[in-house]
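Here's a quick walk through a protein model for anyone who wants to get their bearings before zooming in. Have the viewer open while you read.

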Amino acid sequence: MSRMNRFAWAALMLCFSIGTTQAVEKEVYIPGAGLVKKVDVPRQQRPVVVYFNGDIITMDGDTPQYVEAVAQKGGKIDFVGSKADALKKYGKNVRLIDLKGSTMLPGFLDPHSHFMSAVRMVNQVNVAAPPVGTATNIPQIIEKLKAFEKEKLIPEDGWIIGWGYDQDLIEEKRHITKADLDAAFPKRKVMLIHVSMHGAVLNSQALKWAGIDASTQTPEGGVIARMPGSNEPAGLLMEMAYIPVFAKLPQPSEEEMLDLTKPAQMMYASNGYTQAIEGYSHAEDLDFLMKAAEQERLFLDVLALPGFTEMDKWFGNPKYKFGSYNNHFKIQAAKITIDGSPQGKTALVSHPYHGGGPAGQKNWKGESSITQEQLDAITKKLFDAKIPLHVHANGDGAIDMMIKTIEHAGISAKDDRRTVIVHSQFQRPEHLPKYVELGLTPSYFTLHTYYWGDVHIKNIGKEAAFFISPMKAAKAAGLVMSNHTDFNVTPLDPFWVIWSAMARESRSGVIIGPDQRVDAYTALQALTTGPAWQVFEEDRKGRIKEGMLADFVVLKHNPLKQKVSEIRDNEVLATVKEGRVIYKKIGI
């Protein structure tokens with residue numbers, strides 16, 4: 001009997017052993033074997049699993065609530081209450097899981113990241129500064145690129161791509177130029193993706209491939225840094241100058257990419273996430289994720305946000321249906337990007353950046369990627385089609401634009417559109433009541449207080465920097481919010497997200513807005529109930545409640561009982577998605 005036949009027979013026998021003949025034969029993808037047939041035991045026929053003997057935090061309500069036991073059945077939560085009542089309800093057909101004093105929560109929900117970056121970064125090299133990487137100066141970055149070139153046997157016409165590059169965190173305190181890269185790599189194409197993911201530095205070979213030279217005009221809403229005293233490109237491309245270059249980068253084969261979906265998902269699962277967001281999806285990304293779903297390669301919920309620059313490909317196309325899952329994949333909302341990043345000085349702000357722009361511009365306030373009129377037209381088209389919106393707006397100028405366009409569209413909170421303003425970094429206090437009035441919901445990025453808090457004080461001033469990601473003020477205003485990593489801008493580690501919301505401590509030890517620090521429960525809501533509500537799934541995930549998905553994360557320590565300084569050292573012990581353990585450090 002073959003290995004696969006033995007697997008199918010064992011599954012069928014399990015079906016009989018629990019009193020059903022409802023086994024289903026279906027074709028699924030098995031790594032190394034391709035598409036094969038297997039007999040699947042329906043979820044509702046699997047034994048009930050009861051978790052007990054730990055701090056089980058339901059996240060159901062505005063204050064912490066604990067229960068003694070939780071039962072899952074058929075991939076959903078079937079019981080929440082005491083262990084005695086659970087055993088009384090289910091009798092002998094039950095599997096008991098002793099949490100041994102650990103803490104169980106609803107699975108963490110990624111509010112905003114770039115899932116396709118997780119797939120692609122397997123073939124890229126980390127050139128970030130500590131604590132994400134180890135590079136602290138330009139020579140170290142060059143050495144990392146050389147080591148990667150040697151390890152991967154990059155051909156002469158191949159690409160060397162680094163991620164996590166940040167000019168503010170290296171000793172030279174300047175952007176790398178093509179001259180720095182050309183000296184080490186005269187023949188190969190090299191690209192260093194900026195930590196903001198809104199730009200990159202290219203060497204001469206990569207610029208030649210991209211068709212960018214001294215005669216290239218800087219596009220509206222873009223940045224092409226030039227060598228001093230000339231029009232010769234220096235290497236740095238940002239925003240609308242970078243997006244088309246990134247879009248045409250050569251990609252691995254589809255089969256290679258499909259094989260990478262498992263390690264990509266495990267990056268999320270090992271950090272306790274049961275949901276991942278693909279935060280700006282090109283049409284080819286949608287097609288890829290749809291194929292991954294068809295082949296049942298997705299075990300996390302993966303939500304995609306098609307980008308506004310390709311509306312001609314997906315808007316009105318029946319191939320791309322919004323709002324419903326297919327094998328863990330859902331096209332959730334349209335994505336509009338208004339401005340860039342504050343650390344890259346491309347966020348649109350109302351007052352000039354200190355020290356000029358990223359390419360030495362004077363009186364620089366950043367730029368929008370589109371005009372107010374274009375934004376009004378795009379949002380009207382999407383609102384009329386009942387398509388939800390996630391809108392990237394970092395600077396207060398970009399937020400002003402979005403408020404104007406929502407008012408122009410005549411949308412308010414009573415319409416329940418739940419338009420997510422991704423980042424909402426440099427909000428001004430008067431923006432908060434407008435968010436409430438117009439039904440806008442912020443997805444904050446409090447990790448900025450640690451990674452770039454000192455940089456923001458230098459670039460934008462203390463007052464604006466201290467009000468970055470104002471979670472406490474937003475909660476007081478009655479807003480539902482989330483808090484994200486923007487992976488791979490920062491690591492997926494949820495404990496750093498929680499810690500940064502509570503501590504707001506910069507690299508140098510400055511507290512970036514002490515009056516905006518929140519408690520642990522509020523920080524946890526921004527990874528559970530908040531992001532669930534933002535994607536219209538508050539009755540499906542984000543809480544431990546009967547009838548909801550059996551999505552859980554098991555932690556070594558209870559964040560509600562830890563000192564703030566201890567939270568970063570917490571650990572994910574297990575992640576459960578719809579009753580199935582998808583990651584574990586302990587035997588559950």
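What follows goes from the overall chain to its sheets, then to an aromatic group and a loop residue.

**The whole chain**

Keep in mind that this is a predicted model. The protein chain holds 21 helices and 25 strands. Its radius of gyration is 25 Å, close to the 25 Å that the globule rule gives for 588 residues, so the chain is as compact as a globular protein of that length. Lay the C-alpha trace along its principal axes and you get a span of about 80 × 55 × 45 Å.

How much of the chain is buried? Of the 588 residues, 57% count as buried. The accessible surface comes to about 23,500 Å², and carbon and sulfur atoms account for 52% of that. As for contacts between residues at least 6 apart in sequence, 70% of them join residues at least 24 apart.

**Two open sheets**

One open sheet has 6 strands with mixed pairing, in the order E9-E10-E11-E12-E14-E13. At its edges sit strand E9 (125-126) and strand E13 (222-226), each pairing on one side only. Inside this sheet, strand E12 (residues 199-202) and strand E14 (residues 233-239) run antiparallel and are joined by 3 bridges. If you want a spot to click on, Val201 has Leu236 in E14 as its bridge partner.

Another open sheet has 4 strands in the order E8-E15-E16-E17, and here the pairing is parallel. Its edge strands are E8 (108-109) and E17 (329-331), each paired on one side only. Strand E16 (residues 301-306) is joined to E17 by 3 bridges, and the two run parallel. Across that join, Val302 stands opposite Phe329 in E17.

Each sheet has a helix lying across some of its strands, as the table shows.

| Helix | Lies across | Angle |
|---|---|---|
| H4 (residues 138-152) | E9, E10 (159-165) and E11 (189-194) | about 140 degrees to E10 |
| H10 (residues 283-294) | E15 (273-281), E16 and E17 | about 150 degrees to E15 |

**Aromatic rings**

Searching the whole structure turns up 16 aromatic pairs. One of them is Phe115 with Tyr268, a tilted pair at 5.8 Å centre to centre and 45 degrees between the planes. That pair links distant parts of the chain: Phe115 is in helix H3 (residues 115-120) and Tyr268 in helix H9 (residues 261-269), 153 residues apart. Are the two partners buried or exposed? Phe115 has 0% relative accessibility, so it counts as buried. Tyr268 is buried too, with a relative accessible area of 0%. Both rings belong to one aromatic cluster, made up of Phe108, Phe115, Tyr268, Tyr273 and Phe487.

**A loop residue: Thr346**

Where is Thr346? You'll find Thr346 in the loop between strand E18 (334-337) and helix H12 (372-384). Loop or not, Thr346 counts as buried because its relative accessibility is 2%, under the 20% cut-off. Leaving aside neighbours within four places in sequence, Thr346 is in contact with a list of residues that includes Val223, Met238, Glu239, Asp339, Tyr353 and Pro358. Val223 falls in E13 (222-226), while Met238 and Glu239 fall in E14 (residues 233-239), which takes us back to the sheet with mixed pairing. For a sense of scale, the C-alpha atoms of Thr346 and Lys76 are separated by 44 Å, and these two residues are 270 residues apart along the chain.

Notes
Residues numbered from 1 in each chain as written. Predicted model: local features only at pLDDT ≥ 70, side-chain atom pairs only at ≥ 80, totals over all residues. Heavy atoms only, no water. Pairing = 2+ DSSP bridges. Contact = heavy atoms within 4.5 Å. Axes fitted to C-alpha atoms, helices over the stretch in contact; angles between N-to-C directions. Rg over C-alpha atoms; globule rule 2.2 N^0.38 Å. Buried < 20%, exposed > 50% of the residue type's maximum accessible area, 1.4 Å probe, protein only. Areas by Shrake-Rupley, 256 points an atom, 1.4 Å probe, with all protein chains shown as cover. Phe/Tyr/Trp six-rings, centres within 6.5 Å; stacked < 30°, edge-to-face > 60°.
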